[in-house]
Amino acid sequence: MPGIWYGGDYNPEQWPPDVLAQDDELMRRAGVDTATVGVFAWASLEPEPGRYTFGWLDDALDRLHANGIRVLLATPTASPPPWFGPAHPDALPVGPDGVRLSHGSRDTYCAAAPAYRRAALRIAGRLAVRYAGHPALALWHVHNEYGTVCHCDHAAAAFRTWLRARHHDDLDELNAKWHTAFWSQGYSRWEQVLPPRATQYLPNPAQVLDFRRFWSDQLLAAFTEQRDLLRRHTPDVPVTTNVMLPSDHQTLDLWRWAREVDVVAVDHYLNATGPAGRADLAFGADLTRSFNAGRPWLLMEQATSVIYLYEQGVIAARPPGRMRSDSLGYLARGADSVLFFQWRAGPGGAELHHSAMVPHAGPDTRVFREVTELGADLRRLGELAGSTVRAQVAVLWDVEAWWAVAGRGLPSSRLRYLPALRQVHAALRRAGVVADFAHPEQDLARYRAVFAPSQYLLSDLGTQSLRRYVAGGGRLLLGCFSGVVDQRHLVRRGGWPGGLLDVVGIRVEEHLPLVDGERVALSGGAVGTLWSELLQARGAQVLADYRDGPLAGAPAVTRHAFGAGAAWYVSTVLDDVALAALLGDLLAQAGVQPELPGAGPQLEAVRRHAADGRSWLFVTNHGDTGCELAVRGVDLLTGTRADGVLRLAPGADAVLREDLPTARAAGA
Ligand code: GAL
């Protein structure tokens with residue numbers, strides 16, 4: 001993938017010829033070299049079953065190619081046309097409450113319905129035949145953000161097939177693993193097993209967990225059959241699908257998905273304005289790089305000039321300069337593209353107020369000027385495409401642990417997965433340390449420290465892997481309410497964290513969730529919220545104890561040497577200051593250095609490395625005052641040399657091709 005790809009979703013089917021002609025000129029001005037075409041265009045390509053209208057797409061691809069623009073060609077299968085539902089009513093999705101949805105938005109299909117899968121393959125196959133060999137075709141973009149969940153009878157049948165494979169076609173095994181003896185749920189025939197549909201009271205948590213695993217696999221099967229079909233026609237064209245980065249929920253097990261795409265491509269919409277948005281950016285980018293096994297990845301969508309604040313019902317403005325700085329932020333953490341939803345803002349449709357590279361007000365705007373400047377910046381950065389980020393530490397990402405802890409009937413609904421991970425990731429970032437994400441079952445030996453903030457579910461394999469990691473010299477931090485259930489969602493008996501008792505050198509015997517407004521004081525001035533635990537130290541050193549409440553005097557935070565490594569346990573949710581102090585000690589013991597020692601929390605610094613030894617230092621000054629960095633190299637954005645000192649104004653970015661691999665920083 002040469003250079004940094006620049007562009008976005010392009011919808012020629014929505015515009016008349018004079019606008020398309022203007023697009024050509026504006027794309028040239030903006031330095032756009034990449035367009036994603038055809039997402040959601042099914043009705044424009046197949047207005048009636050079996051009647052195809054490819055003319056507009058032929059023209060678009062030819063035109064883009066003539067303008068030197070590569071095409072990421074989408075299969076339009078995320079939005080079946082209006083004729084689809086009436087022809088196949090059984091292929092429209094059904095919610096847990098049994099209500100079948102109608103056409104009228106997008107993503108309205110059941111991925112387990114044979115009619116949907118056939119229709120999707122048919123249109124994908126037509127595109128493959130028609131555009132195989134087209135010189136503009138650079139990558140297949142299958143579908144868009146797989147995620148629709150269905151509970152219909154097709155889904156139920158497919159769920160049973162999946163369960164039979166997973167549980168050795170043995171209903172007794174399923175009954176045991178789901179502990180169906182509780183509440184008279186013992187199944188005597190496979191046909192009785194259903195998706196977790198609306199029911200009288202709490203569902204069976206093991207059934208819910210298996211259904212979530214199944215549905216991720218079901219959507220993945222819908223993707224891989226399109227991928228395989230496309231590969232048969234165009235073996236040399238890479239295939240991917242754009243996944244949505246986790247916000248408040250996550251339907252896909254992205255570790256499994258990442259193995260099936262040629263490159264991981266994500267859509268990332270910041271969840272906050274200001275510094276919190278930038279923390280979210282770093283979190284999302286580090287996550288995506290990790291899913292792509294450290295290789296450069298594709299930022300397939302972001303917004304140019306808005307930030308969606310869903311909880312407030314506000315589409316906030318992204319301030320001037322932020323689009324550029326944030327785009328550099330993604331590149332710093334391993335992206336090789338800056339792509340947007342969307343090229344041109346459309347006047348109608350559900351997203352009529354979404355931002356674009358060419359806004360409603362046209363090219364004579366602040367937004368389009370910034371788009372043009374960003375295009376010029378990215379051309380100056382082409383040399384770093386293909387380089388990678390090297391992280392010394394990892395945060396564990398395990399969607400099954402998330403699915404389990406998000407279930408109903410747990411001791412607290414306030415102990416949430418994503419905030420726990422974000423808090424640790426943000427603390428590492430403030431300490432100047434770049435983190436990967438990793439799965440508990442993978443080999444973790446290359447990381448100096450591993451953070452497991454929320455592993456309520458920890459599988460047997462994950463348990464063994466963490467044991468090996470610490471025994472072999474790793475540093476592990478385990479958050480509260482961890483190691484409580486196994487991969488079946490059955491509680492581990494005998495105290496927690498289950499199979500890690502001797503590794504952590506403690507034993508938790510009781511959970512004491514905190515209610516709204518409740519806090520616990522810890523020694524050393526720390527404050528715990530949301531959760532507390534009664535635990536005994538069994539060989540572990542007590543780093544902090546509870547100072548008030550029913551646990552006064554009992555251990556709260558511990559450290560235990562095990563094998564050649566050590567494990568920390570935190571039995572509550574620490575305040576940010578206390579967490580930073582704990583992490584600081586842990587990182588020092590693990591020998592982890594910040595990316596730019598001495599830089600301070602206002603400066604964000606991340607390095608990309610090429611195999612030939614070259615490196616590029618991305619720095620952003622998030623502070624209100626200027627700062628000076630002791631570095632040597634050339635700032636690719638301005639072309640200026642820094643011979644020992646780089647001055648960075650408040651809010652400014654630099655991308656330094658470094659003279660020396662170990663540049664050092666001095667504070668402001
Ligand atoms: C993405 C989606 C785009 C567009 C965008 C709006 O999730 O892929 O098609 O809807 O959100 O923010």
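In this predicted model, helix α11 passes helix α12 in a right-handed crossing. The axes of α11, which spans residues 322-332, and α12, which spans residues 366-380, come within 10 Å and cross at roughly 30°. Because angles under 35 degrees count as roughly parallel, α11 and α12 are described as roughly parallel to each other. On the α11 side the contact is made by M323, R324, S327 and L331, and on the α12 side by E370, V371, L374, D377 and L378. Sorted by class, this contact of α11 with α12 has five nonpolar, one polar and three charged residues.

Helix α6 (residues 153-166) and helix α8 (residues 205-233) form another packed pair, with axes that come within 10 Å and cross at roughly 100°. That angle makes α6 roughly perpendicular to α8. From α6, the residues A155, A158, F159, W162, L163 and R166 take part in the contact, while α8 contributes Q207, D210, F211, R213, F214, W215, D217 and Q218. By class, the contact of α6 with α8 has eight nonpolar, two polar and four charged residues.

A further pair is formed by helix α3 (residues 55-66) and helix α5 (residues 114-131), which pack at an angle of about 45° with their axes 12 Å apart. The two helices α3 and α5 are therefore oblique to each other, and their crossing is right-handed. The contact is made by L57, D58 and L61 of α3 together with L127, R130 and Y131 of α5. In terms of class, the contact of α3 with α5 has four nonpolar, no polar and two charged residues.

Turning to the ligand, the residues that surround it are F40, R106, N144, E145, D267, Y269, E301, Y308, F341, E351 and H354. Side chains among them that place a polar atom by an oxygen atom of the ligand are listed below, including D267, E351 and H354.

| Residue | Side-chain atom | Ligand atom | Distance |
|---|---|---|---|
| D267 | N or O atom | oxygen | 3.5 Å |
| E351 | polar atom | oxygen | 2.5 Å |
| H354 | N or O atom | oxygen | 2.8 Å |

For E351, then, a polar side-chain atom lies 2.5 Å from an oxygen atom of the ligand, whereas for H354 the separation between a side-chain N or O atom and a ligand oxygen is 2.8 Å. In the case of D267, the corresponding distance from a side-chain N or O atom to an oxygen atom of the ligand is 3.5 Å.

Key: Residues numbered from 1 in each chain as written. Predicted model: local features only at pLDDT ≥ 70, side-chain atom pairs only at ≥ 80, totals over all residues. Heavy atoms only, no water. Axes fitted to C-alpha atoms, helices over the stretch in contact; angles between N-to-C directions. Helix = DSSP H or I, 4+ residues; strand = E, 2+ residues; numbered from the N terminus. Parallel < 35°, antiparallel > 145°, perpendicular 65-115°, else oblique. Left-handed = near helix turned anticlockwise from the far one by under 90°. Contact = heavy atoms within 4.5 Å. Nonpolar A, V, L, I, M, F, W, Y, C, P; charged D, E, K, R; others polar. Near = heavy atom within 4 Å. Polar contact = N/O pair within 3.5 Å; in protein donor to acceptor, adjacent residues only side chain to side chain.
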